[in-house]
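Dear colleague,

I am passing on the structure we spoke about, and I would be glad if you could open it beside this message and follow the residues as they are named.

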Amino acid sequence: MADTTPRFALPFILPGQAQKELFHNEALARIDIALHPAVEGPPAAEPPPAPVPGECWIVAPAAGGDWTGNDDKLAMWTLSGWRFLALPPGASAWNKAAAVPLLWDGYQWREGELASAGLLVNGMRVVGPRQPGVPSPSGGTIIDEEARMAINALTAALMSHGLIE
């Protein structure tokens, strides 16, 4: 049997283990970091000067100070000092400063991005896979410049939002 859980490395209490409360309390501290994490802002390279217990940050790559060697982990200040936790790919945290999600893809934290195969509203798909581009109007016996400008503006807006090529 392993000594820790596979995803968050929470310590197991093992048979015959002395001071079981230490291992139990460590597991609770890590769960407190991992369960619906909300961080103070985007990844930071240095610890804050006066952290408050319970505040959490994401350690930026090549961080210094007390965070050295804990790149891309969650860092939470506790009464016992810094606790660090590596999250599995697909985990997310809420950036309280920007009010957007951060997604850990296993290589980097992506801020404000939501990955989806489509968008449903009341059970109806309103956004799906990207569609091919729409050609601008041309030709015809009667040319309506205002209509063409409106169609071109609509096509440009759809392209700028990435809905069509």
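Below is what was found, taken in turn from the aromatic rings, a surface patch, a loop glycine and a strand arginine.

Please keep in mind while reading that this is a predicted model.

I begin with the aromatic side chains, for which the count comes to 5 pairs. In one of them, the ring centres of W77 and W82 are 5.0 Å apart and the planes stand at 70 degrees, an angle over 60, so this pair is classed as edge-to-face. The two partners are covered to differing degrees, since W77 has a relative accessible area of 25% and is therefore partly exposed, whereas W82, with 15%, is buried. Another pair is formed by W104 and W109, whose ring centres lie 5.4 Å apart; because their planes meet at 40 degrees, which is neither under 30 nor over 60, the pair counts as tilted. Both W104 and W109 are buried. You may also like to pick out W57, W67, W77 and W82 together in the viewer, as ring pairs link these residues into a cluster.

Turning to the surface, I13, L22 and F23 make a nonpolar patch of about 250 Å². Of these residues, F23 belongs to helix 1, which covers residues 20-34, and F23 is partly exposed, with a relative accessible area of 32%.

The next residue to find is G41, which sits in the loop that joins strand 1 (38-39) to strand 2 (56-58). Although G41 is in a loop, its relative accessible area is 6%, which is under 20%, so G41 counts as buried. Which residues does G41 touch, leaving aside its neighbours within four places in sequence? They are N95, A97 and L102. With N95 the separation along the chain is 54 residues, while the C-alpha atoms of G41 and N95 are 5.1 Å apart in space.

Last comes R83, a residue of strand 4 (residues 81-85). Is R83 buried or exposed? Its relative accessibility is 18%, and because the limit for the class is under 20%, R83 counts as buried. Leaving aside neighbours within four places in sequence, R83 is in contact with E26, A29, I33, L74, A75, M76 and T78, and among them E26, A29 and I33 have numbers that fall in helix 1 (residues 20-34).

With kind regards

Definitions and conventions: Residues numbered from 1 in each chain as written. Predicted model: local features only at pLDDT ≥ 70, side-chain atom pairs only at ≥ 80, totals over all residues. Heavy atoms only, no water. Phe/Tyr/Trp six-rings, centres within 6.5 Å; stacked < 30°, edge-to-face > 60°. Buried < 20%, exposed > 50% of the residue type's maximum accessible area, 1.4 Å probe, protein only. Patch = residues over 30% accessible without salt bridge, like charges linked within 9 Å, V, L, I, M, F, W, Y side chains within 5 Å. Areas by Shrake-Rupley, 256 points an atom, 1.4 Å probe, with all protein chains shown as cover. Salt bridge = Lys/Arg side-chain N within 4 Å of Asp/Glu carboxyl O. Helix = DSSP H or I, 4+ residues; strand = E, 2+ residues; numbered from the N terminus. Contact = heavy atoms within 4.5 Å.
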